[in-house]
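Dear colleague,

I am handing over the structure below, and after it I set out what was found. Please keep it open beside this message as you read.

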Amino acid sequence: MSNRVRRHLRRGLLLAALAAVLLFASGDTSHAQLTIPRIPFVEPATSPEDVSVTLQVLFLLTLLSLAPSILIMVTAFTRIIVVLSLLRQALATQQLPPNQVLVGLALFLTFMVMAPVWNQVNAAAITPYLNQQVGPEEAFERGLVPVRDFMFNHTRKQDLMLFLDLSDTGDAATRSDVPTTVLIPAFITSELRRAFVIGFYLYLPFVIIDMVVASILISMGMLMLPPVLISLPFKILLFVLVDGWRLISGALVRGFM
């Protein structure tokens with residue numbers, strides 16, 4: 001059977017199947033019509049409760065769209081993912097582990113670190129709100145307290161003072177006087193500094209291996225051979241022998257305790 005005949009046969013079968021679907025969808029084969037069901041998406045509100053439910057759904061959708069940014073800004077994710085990325089560059093393994101693996105590991109380590117904070121948010125804000133004991137504004141204020149305490153505990157005073165000066169807030173006598181819009185950039189700046197300090201210490205042993213391998217290759221006259229090609233197996237071997245992933249993961253989690 002030629003390709004032309006096969007194409008005509010497939011086209012005929014497709015048209016026959018489409019005609020059968022249209023006929024059975026109408027329920028009357030003598031007057032075949034395609035009926036399209038009506039899907040009500042948004043209906044007019046008939047009571048204040050309907051308006052409240054609609055606003056809650058819109059708020060939930062907005063929160064879900066901003067969830068990645070919130071996770072990065074106010075949790076331990078920033079420090080963890082930066083350290084893991086610097087570690088991969090120090091190993092010079094190009095794209096191994098893949099980005100998906102590093103991000104997944106960083107996410108689960110973040111969940112472990114932030115679990116006590118989220119438990120406090122759930123007990124102080126989410127559960128009372130679901131039980132209709134507090135309103136949405138009060139629930140938001142209650143839930144923000146544990147998150148702010150976490151950020152305060154890991155924010156350097158110098159960074160906090162810098163952003164207080166930039167925002168013209170002035171001296172804050174207590175933590176409650178510091179706006180959240182000032183606390184978040186100060187927290188992120190402090191986390192980036194700590195992540196780069198950790199990355200510097202991670203780089204040192206691997207740089208030493210690269211220097212030793214390069215010196216040996218130069219002394220042997222093998223100038224055309226890239227030192228990274230020879231040092232990569234030794235760096236991986238060293239990292240495996242010291243159980244590097246366990247040490248790095250444990251140090252990152254303990255750094256927030």
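**Helix H4 and its surroundings**

The buried residues of H4 are Leu102, Ala106, Leu109, Thr110, Val113, Met114, Val117, Val121, Ala125 and Pro128. Please bear in mind throughout that this is a predicted model.

One of those buried residues, Met114, also marks a change of direction, for a kink of about 55° lies there in H4, shortly before the proline Pro116. The length of the helix can be read beside this: a straight helix of 32 residues would span 46 Å at 1.5 Å a residue, whereas H4 spans only 37 Å between its end C-alpha atoms. After the end of H4 comes Gln132, which has a positive phi, near 60°.

**Helix H3 and its contact with H4**

H3 can be put to the same test of length. At 1.5 Å a residue its 15 residues should span 21 Å, and because the end C-alpha atoms of H3 are 21 Å apart, the two values agree. H3 is also mostly covered, with 13 of its 15 residues buried.

How do the two helices lie against each other? Two packed helices are described by the angle between their axes and the distance between the axes. In this model the axes of H3, residues 77-91, and H4, residues 99-130, come within 9 Å and cross at roughly 145°, and the crossing is right-handed. On the H3 side the contact is made by Phe77, Ile80, Ile81, Leu84, Ser85 and Arg88, and on the H4 side by Asn99, Leu102, Val103, Leu105, Ala106, Leu107, Leu109 and Thr110. Sorted by character, the residues of this contact are ten nonpolar, three polar and one charged.

**The loop between H3 and H4**

H3 is followed by Ala92, whose phi is positive, near 60°. Thr93 has its place in the loop between H3 and H4. Is Thr93 buried or exposed? Its relative accessibility is 15%, and because buried means under 20%, Thr93 counts as buried. Leaving aside residues up to four places away in sequence, Thr93 touches Arg88, Leu232 and Ile236; of these, Arg88 also belongs to the contact of H3 with H4.

**Phe150 in helix H5**

Phe150 is found in helix H5, which runs over residues 136-153, and with a relative accessible area of 7% it is buried. Which residues does Phe150 touch, not counting those up to four places away in sequence? They are Val74, Thr75, Ala76, Val113, Met114, Val117, Phe187 and Phe256, and among them Val113, Met114 and Val117 are buried residues of H4. Phe150 and Val74 are 76 residues apart in sequence, yet their C-alpha atoms are 8.5 Å apart in space.

**Asp243, between H8 and H9**

Further along the sequence, Asp243 lies in the loop between helix H8 (227-241) and helix H9 (244-254). Asp243 has a positive phi of about 55°, although it is not a glycine, and with a relative accessible area of 36% it is partly exposed.

**The chain as a whole**

How many helices and strands does the protein chain contain? There are nine helices and zero strands, so that, read along the sequence, the pattern is α-α-α-α-α-α-α-α-α. Of the 257 residues of the chain, 27% count as buried. Among contacts between residues at least 6 apart in sequence, 66% join residues at least 24 apart.

With best wishes

Definitions and conventions: Residues numbered from 1 in each chain as written. Predicted model: local features only at pLDDT ≥ 70, side-chain atom pairs only at ≥ 80, totals over all residues. Heavy atoms only, no water. Axes fitted to C-alpha atoms, helices over the stretch in contact; angles between N-to-C directions. Helix = DSSP H or I, 4+ residues; strand = E, 2+ residues; numbered from the N terminus. Left-handed = near helix turned anticlockwise from the far one by under 90°. Contact = heavy atoms within 4.5 Å. Nonpolar A, V, L, I, M, F, W, Y, C, P; charged D, E, K, R; others polar. Buried < 20%, exposed > 50% of the residue type's maximum accessible area, 1.4 Å probe, protein only. Expected span 1.5 Å × (residues − 1). Bend = angle between axes of the 7 residues up to and from the residue.
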